[in-house]
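Visitor: I have some time to look over a structure with you. Could you take my questions one by one?

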2 protein chains.
Amino acid sequence: MSYDRSALSSILARTREACRSYAVLTSKKKNEALANVARQLQEMRPLILEANRADTEAALKAGLSPAMCDRLLLTENRFESMLKGLLEVSNLPDPVGTAVSRWENPDGLIIEKIRVPIGLVGVVYEARPNVTIEVASLCFKAGNGAVLKGGKEAMRSNEVLFRAIWEGLAQANVNPEGVAFLPWSDRKVVADLVSDTTLDVVIPRGGQSLMETVVAHARVPVLRHDQGICHVYVSASAPFLMARDIVLDAKTNRPSTCNSMETLLVHEAQAETFARPFLHLLRERGVTVYGCPRTRQIDSSVAPATPESYRMEYLALTMNMRIVSTFDEALDHIARYSSGHTEAIVTSDVEESERFFREVDSSCVMVNASTRLHDGGVFGLGAEVGISTTRVHARGTMGLPELTTTKYMVRGHGHLRGQ
Amino acid sequence: MSYDRSALSSILARTREACRSYAVLTSKKKNEALANVARQLQEMRPLILEANRADTEAALKAGLSPAMCDRLLLTENRFESMLKGLLEVSNLPDPVGTAVSRWENPDGLIIEKIRVPIGLVGVVYEARPNVTIEVASLCFKAGNGAVLKGGKEAMRSNEVLFRAIWEGLAQANVNPEGVAFLPWSDRKVVADLVSDTTLDVVIPRGGQSLMETVVAHARVPVLRHDQGICHVYVSASAPFLMARDIVLDAKTNRPSTCNSMETLLVHEAQAETFARPFLHLLRERGVTVYGCPRTRQIDSSVAPATPESYRMEYLALTMNMRIVSTFDEALDHIARYSSGHTEAIVTSDVEESERFFREVDSSCVMVNASTRLHDGGVFGLGAEVGISTTRVHARGTMGLPELTTTKYMVRGHGHLRGQ
């Protein structure tokens, strides 16, 4: 289907109109619709897996990287956890209509600040079919319309998944047109989508080039889900075993994720007690290290780190290591190179931990815990829309409440401004 | 001083660097600095008033509208309330460091969500010198750096006001470079400012043409302070006196403000009981009315309302009036023409009031109260940054907390993701 801007505009207009009704659906009705979608997915499982196999084969043939092909693939196991995730979203408490605050002014005006849906949410994401279900269900549960643009390699999978979504909504007598799928693979679609002010907000999830397209063209608010250049600082007072386990977990638990550590900072007092044995361990684990000159004095086989290394999001078993003379030098390094995602300190000094909390300006700051723990599931928030690296609206892991906004509801009995 | 983009870039870079220190100032230090600014303003009062007189005379000569000249003028009274406002900001509770929420996950990880400054805030506003002090003090109190671009007609006033701000901050040993003033009157400055990603957020306050410039060029998040096309609906069950007083207050209390009513909707059951006597009253009060055909049947001297009238923000003693057959027709009219700012219903029917709350999608929805009451001061929030018509981050009247974002602070004792 060849791309045409006017077709995009009419999809957006139709979705906007249809999703007005979502804002006032009861939680019961929304959960019923989500249960129907789950049943439809279950029924259409063979069709979905078949479309997904076709997608994956085409992607392999087209030379997509093995890591990307793997993320595209829906195995039986992943299908199950996709269904499970959908039912989890239906079990999450509905944020819509809950009161953020309520008070009375001196004149007896009763003011409430109530959560309401944002409206129409655009989501641009990679070729990951499970994200289609996750994002569509979260947006719907929060009462929003959604316009989804998934990676082109997942087109066949998404087409079938959307038939299940629409069928499930229709069976609950919910207008299915409030959840829209953009059937084009053209990159120009992204530029046009984010510049159309019919959307209330756009959430891009993906790599650097997607972010650049979005930022260059966006005329609607953007909640970025951006790269993580995360740091762990092993302070002079860090206990060896705790530091070793946290740093290993932060780097090697799942290196392809945005909350993995990319740079390790070590206080010079720990050069012999921590850095030397840890470098040995990293070699054993097959981790490639780029090091500062002092790191290379300990292990001359380490390649030299440059400012470019410190700005790299490796997403692999590769990392930087720098030995610093002072805590301030570590803080300065983080202020200069961090992407503001997640940073951790390992320390037994409470003054240091409090300073780290206060001075490190990242969406999540951790003491004596692995950066990998910055996650909606781990935090107990349920399903996650993404991890926002934007400083407005939502910062860090975003759950269902972050897909809402607020309105003031004010009750008077003839209150006037004059007099 | 002729405009030069590289000079703008270097101001932004310097302000960004300087304001890093604001994030960690104590409340006491911030209040001390604000008190110093108040003292400086007091000392420099003759200079400020002189510069303001020069601005106002030049504006009058240049043919600026009397309403705009009036907003530019700093009288002795307005100077006093500017000082009073500054001290009020210093008395507001500091949002920075306060916990939004705190919980423990099943593994004993302690998670806190803490308010922190947004960072560097750009504000573009009209030629109103009192707004300079209001906005600069609110941004600073919330720990933010600020880059201010005021209307060009207030340039002389703002130059002197900024000398007072800088002197006051410096006396408290606070780096004054975190609060910057853009000394250019070129409109191109706005386009360049909002496209510079050194800013974390930009708040535009002003008319339609400013908003268009901002939306067209913004590459940073925008919190719009946009027009108010506000409605009051007088329902079939509205008591006459309450309806009369609320509608009059909403229209005539201060017609130039964004929370004034522009369109009155009346249920047909009230055509004789409310619309007819009220039209008479409006004529007496010198209010110009554009009306629907049924309004014109009651009063043939009323000019016909068109879709264009319904989209007008008059900001004057002019309004639209439409008689509707049903409550739904009123809701549809609001959904079509409202700018999402503030709407009110006058009713004695609780079912109607609850439906109005639920279905009207505006930043503030009021029952039996005048739209003019949507105001930070009236709500008891203290000074107001503006009324956001954006659907993300903040909606409706914005106070000090809306100038902050959050970060997660997570405490573990060796917590890992693996295992």
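What follows is a friendly conversation about this predicted model.

Visitor: Into which domains is chain A divided, and how far apart do their C-alpha centres lie?
Guide: Happy to start there! Domain 1 takes in 5-226 + 389-410, while domain 2 covers 230-378. The C-alpha centres of these two domains of chain A are separated by 34 Å.

Visitor: How many residues does each domain of chain A bring to the contact between them?
Guide: On the side of domain 1 that touches domain 2 in chain A, the residues are one nonpolar, four polar and two charged. In the contact, domain 1 of chain A takes part with seven residues and domain 2 of chain A with nine residues.

Visitor: Which strands of chain A pair with strand 8 of chain A?
Guide: Let us begin with its setting: seven of the seven residues of strand 8 (residues 261-267) are buried, so this strand of chain A is largely enclosed by the rest of the structure. One parallel pairing, over five bridges, is with strand 7 (residues 230-234) of chain A, where His231(A) faces Thr263(A). The other parallel pairing also has five bridges, with Val266(A) of strand 8 partnered by Ile323(A). The partners are therefore strand 7 and strand 11 of chain A.

Visitor: Which helix joins strand 7 and strand 8 of chain A in a β-α-β unit?
Guide: The two strands are parallel neighbours. With the helix at residues 240-252 they make a right-handed β-α-β unit, and that helix of chain A is helix 10.

Visitor: Which residues lie on the two faces of strand 3 of chain B?
Guide: In a regular strand, side chains alternate between the two faces of the sheet. Strand 3 (residues 120-124) of chain B is mostly covered, with five of its five residues buried. One side holds Leu120(B), Gly122(B) and Val124(B), and the other holds Val121(B) and Val123(B).

Visitor: Which strands of chain B are joined to strand 3 of chain B by bridges?
Guide: Five bridges make one parallel pairing, in which Val123(B) has Leu148(B) as its bridge partner. That pair also belongs to a right-handed β-α-β unit with helix 6 (residues 129-141) of chain B. Four bridges make another parallel pairing, in which Gly122(B) stands opposite Val202(B). The strands joined to strand 3 of chain B are strand 4 and strand 6.

Visitor: Which element gives the most residues to the side of chain B that touches chain A?
Guide: In the contact between the chains, 55 residues of chain B meet 55 residues of chain A. The chain B side comprises 24 nonpolar, 18 polar and 13 charged residues. Elements supplying at least two residues each include helix 10 and helix 15 of chain B. The most, 11 residues, come from strand 16 of chain B.

Visitor: Which strand of chain B runs parallel to strand 16 of chain A?
Guide: A good residue to find is Tyr408(A), which stands opposite Cys364(B). Five bridges join strand 16 (residues 404-415) of chain A to its parallel partner, strand 13 of chain B.

Visitor: What kind of axis relates the two chains?
Guide: Chain B is superposed on chain A by a rotation of 180° with 0.0 Å of shift along the axis, at an RMSD of 0.0 Å. Of the residues of chain B, His393(B) comes closest to that axis, at 1.8 Å (C-alpha). In addition, 100% of the interface residues of chain B are also interface residues in chain A, so the copies meet through the same surface. The rotation is the relation of a two-fold axis.

Notes: Residues numbered from 1 in each chain as written. Chains lettered and ligands numbered in written order. Predicted model: local features only at pLDDT ≥ 70, side-chain atom pairs only at ≥ 80, totals over all residues. Domains from an automatic or database assignment. Contact = placed C-beta atoms within 7 Å. Nonpolar A, V, L, I, M, F, W, Y, C, P; charged D, E, K, R; others polar. Pairing = 2+ DSSP bridges. Buried ≥ 20, exposed ≤ 12 C-beta atoms within 10 Å, placed from the backbone. Right-handed = clockwise from strand over helix to strand, strands pointing away. Least-squares fit on C-alpha atoms with pLDDT ≥ 70 in both.
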